[in-house]
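Please look at the sequence and the three-dimensional structure shown here, and follow the explanation with both in view.

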Amino acid sequence: MEIVGQLQKQFVDFSTSLYGEGFLDEQYLQLQKLQDESNPDFVCEVVSLFFDDSEKLLNNLATALQQQVVDFKQVDAHVHQFKGSSSSIGAQRVKNMCVAFRNFCEEKNLDGCLRCLQQLNHEYFLVKNKLETLFRLERQIVEAGGTVPVIVA
Amino acid sequence: MEYCNCFESPWPADELLMKYQYVSDFFIALAYFSIPLEIIYFVKKSAVFPYRWVLVQFGAFIVLCGATHLINLWTFTMHTRTVAVVMTTAKVLTAVVSCATALLLVHIIPDLLSVKTRELFLKNKAAELDREMGLIRTQEETGRHVRMLTHEIRSTLDRHTILKTTLLELGRTLGLEECALWMPTRTGLELNLSYTLRHQNPVGLTVPIQLPVINQVFNTSRAVKISPISPVARLRPAGQYMPGEVVAVRVPLLHLSNFQIHDWPELSTKRYALMVLMLPSDSARQWHVHELELVEVVADQIAKVQWYASLLGAQNLSSLLDLGFILVAVALSHAAILEESMRARDLLMEQNVALDLARREAEMAVRARNDFLAVMNHEMGTPIHATIALSSLLQETELSPEQRLMVETILKSSNLLATLINDVLDLSRLEDGSLQLEIETFNLHSLFREVLNLIKPIAAVKKLYVMLNLSPDLIEHAVGDEKRLMQVLLNVVGNAIKFTKEGGISVSASVAKPDSLRDPRAPDFFPTHSDNHFYLRVEVKDTGSGINQLEIPKVFMKFVQSQPLAAKNSGGRGLGLAICKRFVNLMEGHIWIESEGLGRGSTVIFIVKLGIPAHLNESKLPVLHKGPGNQVKFIFSGLKVVVMDDNSVGRTVTKGLLVHLGCDVLAVSSGDECVRAVSYEHKAVFLDVSMAAVDSFEVAVRIREKFAKRSGRPFIVALTGNTDRMIKENCRKVGMDGVILKPVSVDKMRSVLSDLLEHGYLVESQ
């Protein structure tokens, strides 16, 4: 059972760091609450959905910004969607990046937008990585026979 | 002639047999000769016999047989050769003929037999025809009877029957008490009461025809209202009733001799009957125009019916025809009534429209007034509050006694003014019903303590005691409008203190028992019980000046002071208790005063309805933060809701949230899908308002339209990540029931659902 204890500590530390560094916020905690016996994979499902959705959006954004004549309204719409989904998940830094992105869209600042897109990409893949690590840790704990600790604020 | 002697006597004894044979042969011959004679004789007699040839043959056969037998007679004795030859010839002939006959009969007999069958067939046929004849005859008999009967019936549908039927129909259509017909006598000088509807009068009454009232009626073709006491209308036993209105109309009578065919006759020989119609007595009914018209039409029709009858031959009027006329008359009247009712309905619709407009205008006026009052309140409040604040500060500084007095007066006046302003606003909102209680959970016990703490200083100055008694079964927390309840309590307690010069006041609060809820003074106060409400009973007793019994009803009326107060601590305004009463009523309660009279103190008792909060079980999950007070428990399991969000992640999260709370969630991603899918089974629809592609406001309007006609539509709640005030305004404008800010926590969603289910609206969602 030592392994379990170790894994659990690792998990707790990692989660705390995520919250501390602002990768995740309270919304993610809320998601955890929604997972129960009748819905055991809720968080995983939502997060996968988020990943698919985000990658599609990022592609769309890249395409839109590469047009000859950039349709900023369209770009804004995509970013709006991204902001919505990231805030639903609790991906705080991604959401904040979206907010900044939208400002550039309003100003029709193409350079600003491109830079934002780059950063958005970066943030997204960061949080994706972190979440995948988190899930891996959870799986390991469960496989080792332990229970995943519940983080409370 | 010489006989041969060799012969013995022709009759020897052993030749007895011969003797018999001889005789037989003789008779046979005789028969054989007589049969053909008979046949010939009878055949000759009958005209029809087709087989003459056969007869001849048969005759020949018989004759020859006879001859043979006859000749046989000569062969008994010695006979010559001639006789033998003759005998032989005869026999031969006979043989030939009989054979021929036999052969012939083979052909004849079947024919004869068939004749027989045909005869039988014909006999049957004849019998059948006989039977049919019999039937036809009986039918004809019956037909004759029917014709006779019809003839009789028709012959009785004369004028009298027409008139009688008319009276009946009229009586029924118009709901008349009595309907009578006066016919002119033969002399023409009198009117005879011939028919009445109810048969309550002796038929046979007569009145002279020259009465002024009768002349009046006969001179016009219209129906005329006559006095119930005129002789023709005195049809009922007088005295007991307030007679109903009476109308009389003339009915032209036409004799056969009066007209030409095809010509509507001039009413030259004016013979009229008088029809008198009485409305039921003791009813407020009056003769309406359309009823009079009906009477006139019917009277006219009677005349026409008689004329038609004459055209067709007086006796032949069928019952259908005259019924048809009466029906036409009735139909005419009904058409008139229908037109009348349609006009009335149109008028009503117009009135409705006008009323609706007036109502909307009134509502607008009320809203305008409220807005105005709110603004004025705010505007006036600011300087007043400034004055109060500064005066209070001033009080704290070094002041001379006169200055202190002045500042105190300023403070008191300002406070009074501030309260008055608030009261006016409250009262106006209370009066037009636009005030809504702000329901929330609060601490009941601490409310009482706070109120008492507020008045303790004043009471101390007046050297009055203040007692608080909270019943042990009174729960600590309750659900209701804390602020208004405090206002009521403060007002009541303040009044008690104000009107008490010595002694003190005691406040006791308890849970009202069901039987004590029925106040004899308020017989229409019917408190109902339910599991999550209770009635709070508060009694404020003072040892003050009391109230005259007669004044008690006036106490709660606004602007009325119960007694002239000249004392300086009587800052009492008349609005206070009136407002209290309104608030108490809003809380579905009742307030009243009891006093034993002047100088005996008084007790104010009020009962209000409060809700009972219940604890929510949250054992499974770590609670992020404790909610304010206790939360109301609701069962959401199976609650059907719809979630619309075009963002798949957001949609999944919101759905998961609601599923976690036990709801049955339908998640859609488009406005059309949402409007299509929403049904009565769904209790709430959550619309994400931050969608770019879908106009959620339009969706909300469409959903409202879908359920416009019936009640019980689902609640529409907007989810938005935008904190902009405009969103909230817009949501309210399209008629949404609430707005929630995203991201939504489990607790938030839970409280939202509870609010919706309990109150039907979201209590300040944020």
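In this predicted model, helix α13 of chain B contributes the most to the lining of the largest cavity, giving 4 residues to it. That cavity has a volume of about 130 Å³, and a total of 14 residues line it, of which A:Q27, B:V653, B:T654, B:K742 and B:V744 lie closest to its centre. Besides α13 of chain B, the elements that supply two or more residues to this lining are α2 (26-34) and α4 (72-89), which both belong to chain A. Sorted by class, the lining of the largest cavity is made up of 6 nonpolar, 6 polar and 2 charged residues. Counting every cavity of 30 Å³ or more, the model has 5 of them.

Helix α13 of chain B, which spans residues 648-660, also takes part in a contact between the chains, since its axis and that of helix α3 of chain A, residues 42-65, come within 9 Å and cross at roughly 165°. Because of that angle, α3(A) is roughly antiparallel to α13(B), angles over 145 degrees being counted in this way. The crossing of these two helices, α3(A) and α13(B), is left-handed. On the side of chain A, the residues that make the contact are A:F42, A:V46, A:L49, A:F50 and A:D53, and they meet B:S648, B:V649, B:T652, B:V653 and B:G656 on the side of chain B. In terms of class, this contact of α3(A) with α13(B) holds 6 nonpolar, 3 polar and 1 charged residues. The residue B:V653 thus appears in two places in this account, as it is listed among those closest to the centre of the largest cavity and also among those that meet α3(A).

A second pair of helices can be followed within chain B. What is the angle at which the axes of α1 and α2 of chain B cross? The axes of α1(B), residues 16-45, and α2(B), residues 52-74, cross at roughly 160° and come within 8 Å, and the two helices are therefore roughly antiparallel to each other. Their crossing, that of α1(B) and α2(B), is left-handed. Among the residues of α1(B) in this contact are B:Y22, B:F26, B:A29, B:F33 and B:I39, while those of α2(B) include B:L55, B:G59, B:I62, B:H69 and B:L73. By class, the contact of α1(B) with α2(B) has 17 nonpolar, 4 polar and 2 charged residues.

Notes
Residues are numbered from 1 along each chain as its sequence is written. Chains are lettered from A and ligands numbered from 1 in the order in which they are written. This is a predicted model: local features need pLDDT of at least 70, side-chain atom pairs count only at pLDDT 80 or more; totals for chains, interfaces and linings use all residues. Side-chain values use heavy atoms; hydrogens and water are left out. Axes are lines fitted to C-alpha atoms, for helices over the stretch in contact, and angles run from 0 to 180 degrees between N-to-C directions. Angles under 35 degrees count as roughly parallel, over 145 as roughly antiparallel, 65 to 115 as roughly perpendicular and the rest as oblique. A crossing is left-handed if the near helix is turned anticlockwise from the far one by less than a right angle, and right-handed if clockwise. Contact means heavy atoms within 4.5 Å. Ala, Val, Leu, Ile, Met, Phe, Trp, Tyr, Cys and Pro count as nonpolar, Asp, Glu, Lys and Arg as charged, and the others, Gly among them, as polar. On a 1 Å grid over the protein atoms alone, a cavity is a set of points where a 1.4 Å probe fits but cannot get out, and a pocket is an open set with protein on both sides within 12 Å along at least five of seven lines; lining residues have an atom within 4 Å of a point. Grid points are joined across faces, edges and corners, and a volume is the space filled by probe spheres set on the points.
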